[in-house]
Amino acid sequence: MMEKIPDIEEIRALVGAPLCEIWVKLCDAIDMKYEMECTWNSGGKAWTYEYKYRRGGKTLCALYAREDCIGFMVIFGKAEREKFEAVRAEFGTEIQRVYDEATTYHDGKWMMFMPQDTSMFPDFLKLLEIKRRPNRK
């Protein structure tokens, strides 16, 4: 956990207004479908901030911010990869490309997306549904 949580103005100053708007819309889309615990962390070596969605000790996804860039990460374990493979054709080519190029570690396949607009949001939400059923009506 971070001592000082960044506010939206700090995120906007870091990533720029257009990407900040995408960040807010993505958070809103996730918040509409999922009631989760959200935590801010340092982004490690590659990122300034990490904003993680978790529930019951399991991570749903994480958003990352650094200068002029945002990231959206989803990690699929073995069962989730099998589910994705079964419905792979339902996803856009960019989702499939990132999936194919993502490194598979002992704890899962780490997929990092760098959204530039909202066009992949429907696919992002479908990826999240593979991980966990939405818990909001």
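Helices (H or I, at least four residues) and strands (E, at least two) are DSSP runs, numbered from the N terminus. The model shown in these views is predicted: local features need pLDDT of at least 70 and side-chain atom pairs count only at pLDDT 80 or more, while totals for chains, interfaces and linings use all residues. Residues are numbered from 1 along each chain as its sequence is written, and side-chain values use heavy atoms, with hydrogens and water left out.

**View A. The open sheet and its edges.** Welcome to the sheet, in which six strands follow the order E1-E2-E3-E4-E6-E5 with antiparallel pairing; two strands pair if DSSP finds at least two bridges between them. E1 and strand E5 (104-105) are the edge strands, each pairing on one side only.

**View B. Two helices against the sheet.** Helix H2 (residues 17-33) packs on the sheet and touches E1, E2, strand E3 (58-66) and E4, where contact means heavy atoms within 4.5 Å. The direction of H2 makes about 170° with that of E3. H5 lies across E3, E4 and E6, and runs at about 30° to E4. For these angles, axes are lines fitted to C-alpha atoms, for helices over the stretch in contact, and angles run from 0 to 180 degrees between N-to-C directions.

**View C. The hairpin of E1 and E2.** Six bridges join strand E1 (residues 37-42) to strand E2 (residues 49-55) in the antiparallel sense. Look for Asn-41, which faces Glu-50 in E2. Six residues lie between the strands of this hairpin, where Gly-44 has a positive phi near 75°.

**View D. E4 beside E6.** Strand E4 (residues 69-76) and strand E6 (residues 108-113) run antiparallel, joined by five bridges. Phe-76 can be found opposite Lys-109 in E6.

**View E. Asp-123 in helix H5.** Asp-123 sits in H5 (residues 121-131). Is Asp-123 buried or exposed? Asp-123 counts as buried because its relative accessibility is 14%, buried being under 20% relative accessible area, exposed over 50% and partly exposed in between (1.4 Å probe, protein chains only). Leaving aside residues up to four places away in sequence, Asp-123 touches Glu-90, Phe-91, Gly-92 and Ile-95.

**View F. Cysteines without a disulfide.** The whole structure has zero disulfides, a disulfide being a pair of cysteine sulfur atoms within 2.5 Å. Cys-38 is in none, and the nearest cysteine sulfur, in Cys-27, is 7.4 Å away. Cys-38 is partly exposed, at 31% relative accessible area, whereas Cys-69 is buried, at 12%. The sulfur of Cys-69 is too far for a bond, because the closest cysteine sulfur, in Cys-20, is 14 Å away.
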